[in-house]
Amino acid sequence: MFRGLSTLARLTPAALAAPAAALCDEKSARGALADLIDESEAKRGDGTSLGPTMVRLAWHSAGTFDSRDGTGGSNGALMRFEPEKSDPANAGLGIIYDMLHVVKKRHPEVTFADLWSAAGSMAVEFLGGPRVPHAFGRQDFPAGHPTPPNGRLPDASQGAPHVRAVFGRMGMTDRETVALCGAHTVGRCHIVRSGYDGKWTSNPLKFDNEYFQNLVGLTWTQKQWDGPLQYTDPSGELMMLPTDVAMLDDPAYRPFVELYARDEEAFFADFADAFAKLLSLGCPAPACPHLAASVSDVQHTDCELHYY
């Protein structure tokens, strides 16, 4: 069954302001997402899960936000259209689009933008991580709407200056940046999608702080192979990307890497806050639970205004 959720009806302040019918739709849609994960695992029967791909989908749909002009982000679900749809950074996500379309057909009232972000936030908890605040309220923009250019997502071959530029464009602090990079604690790289190969942790389906423990606790050397530059541990079983290793050499990033390596609770708290913020960048106010101390705090302003 769906792990980590005591109830699928955890309602945010924004959700509490919605009509009763809307609440039922949201609760039902979340239940359908939970069923999709459970049913998929049962059908696969090989210990794999949709969870990491759901996290990646939500991350990539939101990670195009530019705080300088308010473009990009999860609002609009623009990954449905070119050129974002075929951005090399999004390779392999078509599989999860198709599977989530099943939920969309059952709940046409829910936008793709909300569906993708909800799937990612729920998957974190499903995999054993923290509860990520999430609320519905995003729009789906029509075909022909301007889409962000390719190249806004992090390039794994780059170093710390690139990472800081990408996350800074979104309005993220160094602490939030390192926390969000901790999403590599789940999932793995596939040669056919990114050119990289391997897993960051011993259990790619468990959301914990092993990624940071491995980053600081193991010796990383350049992998000898015909693929792009990546790093391997002494066992040859685990890998790190250049952007991962770069955090060890950056004097602002490394303290947070070390903090999260020794304190999983701190990582969970910071990741939940940062991921909730990421999923809300540029979104209408009802979809911004991380900014709301009360319902009235978010009824008349958009999230994007908080990042300029």
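User: At what angle do helix 3 and helix 4 pack, and how far apart are their axes?

Analyst: A general point comes first. Two packed helices are described by the angle between their axes and by the distance between those axes. In this predicted model, helix 3 and helix 4 pack at an angle of about 100°, and their axes are 10 Å apart. Angles of 65 to 115 degrees count as roughly perpendicular, so helix 3 is roughly perpendicular to helix 4.

User: Which residues of helix 3 and helix 4 meet?

Analyst: Helix 3 contributes Thr53, Met54 and Leu57, which meet Ile96, Tyr97 and Leu100 of helix 4. By class, this contact of helix 3 with helix 4 comprises 5 nonpolar residues, 1 polar residue and no charged residue.

User: What lies in the loop between helix 3 and helix 4?

Analyst: Pro83 is one of the residues in that loop, and Ala77 is also placed there. The peptide bond from Glu82 to Pro83 is cis, with omega near 5°. Ala77 has a phi near 50°, which is a positive value in a residue other than glycine.

User: How should the packing of helix 3 against helix 5 be read?

Analyst: The angle and the distance between the axes again serve as the description. Helix 3 packs with helix 5, residues 112–126, at an angle of about 130°, and the axes are 7 Å apart. Helix 3 and helix 5 are therefore oblique to each other. The crossing of helix 3 with helix 5 is left-handed. On the helix 3 side the residues are Gly51, Met54, Val55, Leu57, Ala58 and Ser61; they meet Trp116, Ser117, Ala119, Gly120, Ala123 and Val124 in helix 5. This contact of helix 3 with helix 5 holds 8 nonpolar and 4 polar residues, with no charged ones.

User: Is the crossing of helix 3 and helix 12 left-handed or right-handed, and which residues make the contact?

Analyst: Helix 3 and helix 12 cross in a left-handed sense. Val55, Ala58, Trp59 and Ala62 of helix 3 make the contact with Phe275, Leu278 and Leu279 of helix 12. The contact of helix 3 with helix 12 consists of 7 nonpolar residues, with no polar and no charged ones. Helix 12 spans residues 264–280, and it packs with helix 3 at about 55°, with the axes 8 Å apart. The two helices, helix 3 and helix 12, are therefore oblique to each other.

User: Turning to empty space, what is the volume of the largest pocket, and which residues are closest to its centre?

Analyst: The general idea is that rolling a probe the size of a water molecule over the atoms shows where empty space is left. Here the largest pocket has a volume of about 1,200 Å³. Its lining has 43 residues, and those closest to the centre are Arg56, His60, His184, Arg188 and Trp200.

User: Which helix supplies the largest share of the lining of the largest pocket, and how do the lining residues divide by class?

Analyst: Helix 3 supplies the largest share, with 6 residues. Among the other elements that each supply at least two residues are helix 4 (94–106), helix 6 (160–170), helix 7 (174–181), strand 1 (188–189) and helix 10 (242–249). The lining of the largest pocket divides into 24 nonpolar, 11 polar and 8 charged residues.

Notes: Residues numbered from 1 in each chain as written. Predicted model: local features only at pLDDT ≥ 70, side-chain atom pairs only at ≥ 80, totals over all residues. Heavy atoms only, no water. 1 Å grid on protein atoms, 1.4 Å probe; cavity = no way out; pocket = protein on both sides within 12 Å on 5 of 7 lines; lining within 4 Å. Points joined across faces, edges and corners; volume = space filled by probe spheres on them. Helix = DSSP H or I, 4+ residues; strand = E, 2+ residues; numbered from the N terminus. Nonpolar A, V, L, I, M, F, W, Y, C, P; charged D, E, K, R; others polar. Axes fitted to C-alpha atoms, helices over the stretch in contact; angles between N-to-C directions. Parallel < 35°, antiparallel > 145°, perpendicular 65-115°, else oblique. Left-handed = near helix turned anticlockwise from the far one by under 90°. Contact = heavy atoms within 4.5 Å.
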